[in-house]
Amino acid sequence: MAHRTWRATPALADGMRRCHDCPLNLLCQDDAAPAGDGGDACLRQRCVHLRSGEHLFRVSDEVDHYLHIIRSGDIKLYQHGRDGGQHIIEFLGAGAWVGLESLDEHQRHAGAVALTDCEIASVPYAMLIALLDRQPRSAEAFGQLLSATIARHQQHAAMLRSTSAVQRVAQFLLARLAQAHGMARATLPMSRQDIADYLGLTSSTVSRCLSALRRRGWLAMGQRAFTLPGLHNVEQVAAGAPLALDG
């Protein structure tokens, strides 16, 4: 079977650089040249800049038929609770997709607000569908993305049902550290109240859990960031090892 080759013209090299930076590059898996016609999803993106506290969309907004990929920054995905407060669904960082929960719906079931300054790439849903129809491997990759999202939500629901307060906090810190991609320092752009809402706790309980870890030297916190000098100990707490919150 003959393999197609592409001559590295300046235009093609520029297209390859754009593809490397494109948030769709994990889905775009065919052997086509990087520079397509004007109808390609990669060329129909729009860039949205949000300041901290600004909404990408709100609960009950009309769905605009765009999917959004975070290029940089952090987003909080939330719903309104029955008590009038917020129910935090997920904290999303660079590389995450936003808007999957409202596919084929008329109104948004959740709101998305920036926790930090953000750059968002927005892709028309119709263009994404065209990409998936054209590339079977891309459709498979998108299916894996949806499955991973469902699995995260199921794991979070299971954690809320079966773990103690300090376990939840320890697991949350470990998850944030894992998202730092090998870095020793992870960010905490959300408030204590946001963490509490996400973990099904009160803000005072979250503070007591964090203080217990800090007193033992297992957690070091700075300005919206933390490290885990006692990583192994925090892993044991996350697995269920007892930890007194006071004293």
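## Reading surfaces, cores and empty space

Analyst: Let's start with Ser60, which has a relative accessibility of 43% and so counts as partly exposed. Keep in mind as we go that this is a predicted model.

User: Okay, where is Ser60 in the fold, and what is its phi?

Analyst: The general idea comes first. Most residues other than glycine have a negative phi, and most peptide bonds are trans. Now the case here: Ser60 is not a glycine, yet its phi is positive, at about 75 degrees. You'll find Ser60 in the loop that runs between β2 (55-57) and β3 (66-72).

User: What about His65: where does it lie, and is it buried or exposed?

Analyst: His65 is in the loop between β2 and β3. Its phi is positive too, near 65 degrees, and again the residue is not a glycine. With a relative accessibility of 51%, His65 counts as exposed, because the cut-off for that class is over 50%. For a glycine to set beside these two, look just after α5: Gly200 has a positive phi of about 70 degrees.

User: Let's go inside. How many residues does the largest nonpolar core have?

Analyst: The background is simple: in soluble globular proteins, nonpolar side chains tend to be buried together. In this chain the largest nonpolar core has 36 residues, and Phe172, Leu173, Leu199 and Leu228 are the ones with the most contacts inside it. Two or more residues come from each of β5, α4, α5, α6 (203-215) and α7 (231-238). Of these, α4 gives the largest share, seven residues. There is also a second, separate core of 15 residues, with Ile70, Leu92, Val98 and Ala112 among them.

User: Which residues does Phe172 touch?

Analyst: Leave out anything up to four places away in sequence, and Phe172 touches Phe91, Leu188, Met190, Ile195, Tyr198 and Leu199. Some of those names return in α5, where the buried residues are Asp194, Ile195, Ala196, Tyr198 and Leu199. The elements covering them include β4 (75-80), β5, α3, α4 and α6.

User: And Trp218: is it buried or exposed?

Analyst: Its relative accessibility is 18%, so Trp218 counts as buried. It sits in a loop, the one between α6 and β10 (220-222). Beyond its sequence neighbours, Trp218 touches Leu213, Thr227, Leu228, Pro229, Gly230, Asn233, Val234, Val237 and Leu243. Take Leu228 from that list: it is ten residues from Trp218 along the chain, and their C-alpha atoms are 5.6 Å apart.

User: Which loop holds Arg224, and what does this residue touch?

Analyst: Arg224 is in the loop between β10 and β11 (225-227). Its relative accessible area is 48%, so Arg224 is partly exposed. Outside its sequence neighbourhood, Arg224 touches Leu115, Thr187, Leu188 and Pro189. Its C-alpha is also 8.9 Å from that of Ser191, a residue 33 positions away along the chain.

User: Now for empty space. What volume does the largest pocket have?

Analyst: Rolling a probe the size of a water molecule over the atoms shows where empty space is left. Here the largest pocket comes to about 910 Å³. Its lining has 27 residues, and those nearest its centre are Phe91, Arg152, Ala175, Arg176 and Gln179. At least two lining residues come from each of β5 (86-92), α3 (136-162), α4 (165-178), β9 (185-187) and α5 (192-199). Sorted by class, the lining has twelve nonpolar, nine polar and six charged residues.

User: How many cavities of 30 Å³ or more are there, and which residues line the largest cavity?

Analyst: The count is one, and its volume is about 70 Å³. The lining includes His65, which we met earlier, along with Val63, Tyr66, Leu67, Asp104, Arg108 and Tyr125. By class, five of the lining residues are nonpolar, three polar and three charged.

User: Last one: what does the whole chain come to in helices and strands?

Analyst: Seven helices and eleven strands. The chain has 247 residues, and 39% of them are buried. Among contacts with a separation of 6 or more, 70% join residues 24 or more positions apart. The accessible surface is about 13,800 Å², with 53% belonging to carbon and sulfur atoms.

Key: Residues are numbered from 1 along each chain as its sequence is written. This is a predicted model: local features need pLDDT of at least 70, side-chain atom pairs count only at pLDDT 80 or more; totals for chains, interfaces and linings use all residues. Side-chain values use heavy atoms; hydrogens and water are left out. On a 1 Å grid over the protein atoms alone, a cavity is a set of points where a 1.4 Å probe fits but cannot get out, and a pocket is an open set with protein on both sides within 12 Å along at least five of seven lines; lining residues have an atom within 4 Å of a point. Grid points are joined across faces, edges and corners, and a volume is the space filled by probe spheres set on the points. Helices (H or I, at least four residues) and strands (E, at least two) are DSSP runs, numbered from the N terminus. Ala, Val, Leu, Ile, Met, Phe, Trp, Tyr, Cys and Pro count as nonpolar, Asp, Glu, Lys and Arg as charged, and the others, Gly among them, as polar. A nonpolar core is a set of buried Ala, Val, Leu, Ile, Met, Phe, Trp, Tyr and Cys residues joined through side-chain atoms within 4.5 Å. Buried means under 20% relative accessible area, exposed over 50%, partly exposed in between (1.4 Å probe, protein chains only). Contact means heavy atoms within 4.5 Å. Accessible areas come from the Shrake-Rupley method with a 1.4 Å probe; for residues, only the protein chains shown count as cover.
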